[in-house]
Every structure is written in C-alpha cells, then in structure tokens.
Amino acid sequence: MVAELTALRDQIDEVDKALLGLLACRLALVAEVGEVKSRYGLPIYAPDREAAMLRSRREEAEALNVPADLIEDVLRRVMRESYASENDNGFKTLCSQLRPVVIVGGRGQMGRMFEKMLRLSCYEVRLLEKDDWPQADSLLADAGMVIVSVPIHVTEQVITQLPRLLEDCIANRLKNDYNQCPDMWQKIQLIVIKIMSLGYILVDLASLKNGPLQAMLAAHSGPVVGLHPMFGPDSGSLATQVVVYCDARQPEAYQWLLEQIQVWGARLHRISAVEHDQNMMFIQALRHFATFAYGLHLAEENVQLEQLLALSSPIYRFELVMVGLLFAQDPQLYADIIMSSENNLALIKRYYARFGEAIALLEGKDKAAFIASFKKVEHWFGDYAKRFQVESRALLKQANDSRI
C-alpha cells in the first residue's frame, strides 16, 4: 500500500511541477501583454475578453470531465495576480501636458495609492502634508491638479483653504516676477501665464460627496470633480475595482483623468453627489454601525472567540472575518463615517426601532408573523436572492478553504 501511494504521489508531484511551469509561462505572456497595453494606452482590465475566455475554459473543462467551477476559480486567482504584475509595466500618459499633481494627504493610504498610479503613468507628483504647509508656496504654485485625500472630518476645511492659498502663491510670484521683468511685453506674457495657472483641476477622494463637492465649487472657479474609490488602499491594483465619480464643473477638462483611471483597470460609475450619499448611508454608515454594535456585544459578553471559530460554519466564520476586519482598522475613520450626518443617525434609529419590532415577534411567539415578515423581505429581494445564493457558494468555499 505504501509503495502504491508513494508512486501515485510522485506522479502528482510531477504534474504539480508541470502546472508551475505553465503558470510561469502564462505570467510571462501576461507581462508581454502588459507592455503592449502600456504602449497603446489600453486598459489592463478587459471585461468582455475575460468573460469570453472564462466561458470557453468552462466548456473545455466540462469536455474533459474537469469541474467547470474549479477551472474558473483557478483562472480568476491567476488573473488577479496577472493584473497586479501588469502594474509593473507602467501606463500610457493620457495628458502629457499636465502640470504637476499635488496630493494633499499623499502620505495616507489612499493618497499613496494614487501617487503610485500617477507616477506609473509618468506624471510629476508632489505630496503636501500638514507639516509641509510652510513649503506650500513652492508645492502648489504651478499645480495642474490638486487631489484632496484627507480624513473626512477635515476635508471641507482643507478644500476651503487650498484655492485661497493657491491664489496667494500665484499672486506673490506674479508680483515678484513682474517687478523683475524690464520689458512690458514680457510683463503681459507673464500675467497671462500666471492667470492660466489658476486653471488647475480640483479633486477629492472622500467617501462622502455632496459636502466636499459643494465646498470645492464654492472655493474654486475651475474644473471640479468628486471621486470615491470603492475599495481599500491595500488592494494593490485598480483592476476590476469601481471608482465612483460625481461631475461638478467643466467635465471636458478632466475627461482625460476618468479615461486614465480606466486605463489603470478600474470601472467607472457616474452618479450625482446626493444620490451617492443616500446610498452610502446604507452601504457604509448603517453597515459599519451594525458591525460595530455586534462586535461590541461579543466583547461585552466575553465570548471565547477560539471556540466560536472552532464551531462555526463557513458562513458564520465569514461573518466573523468581516467583523474582525472592521476592528483591525482606524477607529477614527469609522467614527467619521458613521457620525458624518444627522441623516445617518436617523437611519440607525429606524434600524433600532425595527429591532424592537422583531423582538416583539419573538416575545409573542408569533411564528406566523415572523414567516410573513420573512416572505416580505424575500419578495423585496426578488431574483437577487437566488443570485446571491449562487454567489455566496463560491465565497463560502473559499472561506472554508482558508480555515485555520
């Protein structure tokens, strides 16, 4: 028996080595694809090509009696690695005439992400932090785009200060340079150049949009756009990620930026600032508060986390992972998100009231009312309930695979 198993395992090892060689070959080909895309300014994420390829590989797998889900899982993991490696080739510069980009808060996580992507696209990038304000004159005076990437609770304050600072910087430089120009024609040219310098693009990356957008429109007369990257800064790549944008003023001036983000591999979603914030009440404020309250309850009950994990099903483990993820991050960020609006508080209070209604069903042992409420929610989800059931299977399998 031992000899038979050993022989079979040796064959498996050889197959695994062959798989490694094929994976290395695929990654090398991906690197060549990345170079071509970089040269021609093509997005690294091509959803139609990806969908067609997966469809073909699934059909081919079934013909070989290989589970189609298996090959799709493998290919999706390989493609995720491929997207990350394509970043190494850099990206085509879509606005080569752009003056320097200044990222306010550029040493924060999201600021560093945008700095990385802009530098990979060969733009000149400068960082402006709180300690750099004494040098703000030299950093901002010739900026072509200013990106505000600071904590939510100070975003509007920083936006209010920046344009005035920029204008003061340009005015001071104009005064000094004007006095040093002996020729009147040179003085006129200098004035024109300095006035043109005011035409920078003002961008913010906050997870709330209406307040910052209104602040930017009030503070700056030039091009304005609001962005919200719907992903964490540790994602490593923008490929397949969603970036929300809210048009504000002179979209033709920043159209290249939206196209550049697509070249980086992201998917764009356009929405008004008001609609964005209404949706974020549910996606961020309510969800984060519910997770916070659940984590607080577990801690106050002094539950043995190790035992929960040992006894948990894949879906419950996944829920615990998401709760733990929240508490592994900056509490200031989540406090800012949850407490950013009175509307958030009103929504959370309504959620609290519905908890009370649900508890009343339990207290009254009203199983029929419970089932009726369940059916009501099921009807609201509609076809999405079945779709989410299918999607969840893949997530739960991955959660179970990573179990410790």
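What follows is a walk through the predicted model, from the chain overall to its cores, a few buried residues, the salt bridges and one surface patch.

Starting with the whole chain, the secondary structure adds up to 16 helices and 7 strands. Of the 404 residues in the protein chain, 35% are buried. About 24,900 Å² of the protein chain is exposed, and 58% of that comes from carbon and sulfur atoms. Long-range pairings are well represented: among contacts with a separation of 6 or more, 69% are between residues 24 or more positions apart.

Inside, the largest nonpolar core takes in 40 residues, with Met-145 and Leu-227 having the most contacts within it. Helix α9, spanning residues 251–263, gives this core its largest share, 6 residues. Then there is a second core, separate from it, with 23 residues that include Ala-136, Ala-143, Met-216 and Ile-271. Back in the largest core, Leu-227 has quite a list of partners once neighbours within four places in sequence are set aside. On the lower-numbered side, Leu-227 is in contact with Phe-114, Val-203, Asp-204, Leu-205, Ala-206 and Lys-209. On the higher-numbered side, the partners of Leu-227 are Val-243, Val-244, Tyr-245, Leu-257, Leu-258 and Ile-261.

Two more buried residues are worth a look, one in a loop and one in a helix. Ser-207 sits in the loop that runs between β4 (201–204) and α8 (210–219). Its relative accessible area is 10%, so Ser-207 counts as buried, the cut-off being under 20%. Beyond its neighbours within four places in sequence, Ser-207 is in contact with Ile-152, His-228, His-276, Met-280, Gln-284 and Ile-337. The helical example is Ile-348, found in α14 (residues 342–363). With a relative accessible area of 9%, Ile-348 is buried too. Residues up to four places away in sequence aside, Ile-348 touches Ala-285, Leu-286, Phe-289 and Ile-338. For one of these partners, Ala-285, the C-alpha atom is 8.2 Å from that of Ile-348, although the two are 63 residues apart along the chain.

Turning to charged pairs, the structure has 14 salt bridges. One of them joins Glu-50 to Arg-76, with 3.5 Å between the closest N and O atoms. This pair ties together distant parts of the chain, since Glu-50 belongs to helix α2 (residues 47–63) and Arg-76 to helix α3 (residues 68–86), 26 residues apart. The two ends are not covered alike: Glu-50 is buried at 11% relative accessible area, whereas Arg-76, at 39%, is partly exposed. Arg-76 also meets Glu-72 in a salt bridge, 2.9 Å from N to O. Here both residues are in helix α3, 4 residues apart, or about one turn of the helix. Glu-72 is buried, its relative accessible area being 18%.

A further salt bridge pairs Glu-378 with Lys-375, whose closest N and O atoms are 3.7 Å apart. Both residues lie in helix α15 (residues 367–381), and the spacing of 3 residues is again about one turn of the helix. Glu-378 has a relative accessible area of 40% and is therefore partly exposed. Elsewhere, shared partners connect several salt bridges into one network made up of Glu-50, Arg-58, Asp-69, Glu-72 and Arg-76.

Out on the surface, Phe-318, Val-321, Met-322, Leu-325 and Leu-395 form a nonpolar patch of about 410 Å². Helix α12 (residues 314–327) supplies the largest share of the patch, 4 residues. Leu-325 is a member of the patch that lies in α12. Its relative accessibility of 43% makes Leu-325 partly exposed, which fits the patch requirement of over 30%. The same helix has a covered side of the story as well, as its buried residues are Arg-317, Leu-320, Val-323 and Leu-326. As for its length, α12 has 14 residues and reaches 20 Å from first C-alpha to last, close to the 20 Å expected at 1.5 Å a residue.

Definitions and conventions:
Residues are numbered from 1 along each chain as its sequence is written. This is a predicted model: local features need pLDDT of at least 70, side-chain atom pairs count only at pLDDT 80 or more; totals for chains, interfaces and linings use all residues. Side-chain values use heavy atoms; hydrogens and water are left out. Patches are made of residues with over 30% relative accessible area and no salt bridge: like charges are joined within 9 Å, nonpolar side chains (Val, Leu, Ile, Met, Phe, Trp, Tyr) within 5 Å. Accessible areas come from the Shrake-Rupley method with a 1.4 Å probe; for residues, only the protein chains shown count as cover. A salt bridge is a side-chain nitrogen of Lys or Arg within 4 Å of a carboxyl oxygen of Asp or Glu. Buried means under 20% relative accessible area, exposed over 50%, partly exposed in between (1.4 Å probe, protein chains only). A nonpolar core is a set of buried Ala, Val, Leu, Ile, Met, Phe, Trp, Tyr and Cys residues joined through side-chain atoms within 4.5 Å. Contact means heavy atoms within 4.5 Å. The expected span of a helix is 1.5 Å times one less than its number of residues.
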